[in-house]
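Let's take a friendly walk through one protein model, looking at how charged side chains pair up and how a helix sits among its neighbours. Have the sequence and the 3D view ready.

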Amino acid sequence: MTHPKNTSASNERSGSTRNDGGGGRTPKEPLVPDLGSMDDRSVRAWTEAMAVGPVGGGRYIVEGQSDNTYVVDLPAGDCTCPDHTIRGERCKHLRRVAIEVNRGRVAPPGKLRGTCEACRREAFLPEEGPPLCDACRLEPGDFATDRETGDTVVVARVTGARADEVTVGEGGGTVADYPTNEGYPGDDLVVEVVYPFSRPEVAFADLPRYSFPLSRLARRDATLVDAFD
């Protein structure tokens, strides 16, 4: 009988890496940047004392070590400092903003730091649309499960209104007042959904919409692309 060869010991001795079922190991290297391999502007971007503050629209105010203040437009790759405007260089301010964004110290373009309306945690939230973090956000076309019934629904729209503000039906009651929504926060954002399999002959965009408090819906990892375009 032929036995499988145990190669783990030889692999470790030779310094090779093996796949452990999770995509393999990362290379053995420090996470601190190697300043000796960088050009002068990159070194200064990493080492100088600067304050970076997002102001929206992908723009950031950068106060430099000498107390001069400049505006960086990260998506456009622009900075108001002389090094960029006169010399045309990718200046230390542009590089510093990119570093701070990549390290999660400041919000990336299109987002601002705030408190998620659903989980109440501080996070980077979209500048436009409902103030929800990535973990809580629902988008049109997302599948979700109704926690009360187990039914599958598809998100049509996430509104900016609270469950205790939106009236439903002819009685004038709010989404929060609806009997099956008891126990869900009244300040939950209201989500409009459709039941995707209720009327197969009707296009998604034309199906009746129903209002739910956000926390009643459990997001699922599936999406109907362009369902409501």
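## A salt bridge between E100 and R105

E100 and R105 form a salt bridge, with their closest N and O atoms 2.9 Å apart. The term salt bridge is used here for a side-chain nitrogen of Lys or Arg within 4 Å of a carboxyl oxygen of Asp or Glu. As general background, side chains of opposite charge can pair when their charged atoms come close.

Are these two partners buried or exposed? E100 counts as buried because its relative accessibility is 4%, whereas R105 is exposed, with a relative accessible area of 51%. The cut-offs are these: buried is under 20% relative accessible area, exposed is over 50%, and partly exposed lies in between (1.4 Å probe, protein chains only).

## Where the model comes from

This is a predicted model, in which local features need pLDDT of at least 70 and side-chain atom pairs count only at pLDDT 80 or more, while totals for chains, interfaces and linings use all residues. Residues are numbered from 1 along each chain as its sequence is written, and side-chain values use heavy atoms, leaving out hydrogens and water.

## Helix 4 and its surroundings

E100 is one of the buried residues of helix 4. This helix covers residues 92-102, and 10 of its 11 residues are buried. Helices (H or I, at least four residues) and strands (E, at least two) are DSSP runs, numbered from the N terminus.

What do the buried residues of helix 4 pack against? Their neighbours are helix 2 (40-47) and helix 3 (82-85), together with strand 1 (51-56), strand 2 (59-63), strand 3 (69-73) and strand 4 (78-79); contact means heavy atoms within 4.5 Å. After helix 4 comes G104, which has a positive phi, near 75°.

## More salt bridges to find

How many salt bridges are there by this rule? The count comes to 21. In one of them, R209 meets E192 at 3.3 Å, N to O. This pair links distant parts of the chain, 17 residues apart: E192 is in strand 9 (189-194), and R209 is in the loop between strand 9 and strand 10 (210-213). R209 counts as partly exposed at 39% relative accessibility, while E192 is buried at 16%.

Another salt bridge joins the side chains of R199 and E201 (3.7 Å, N to O). R199 is partly exposed, at 40%, and E201 is exposed, at 62%. Elsewhere, salt bridges that share partners connect D40, R44, E48 and K92 in one network.
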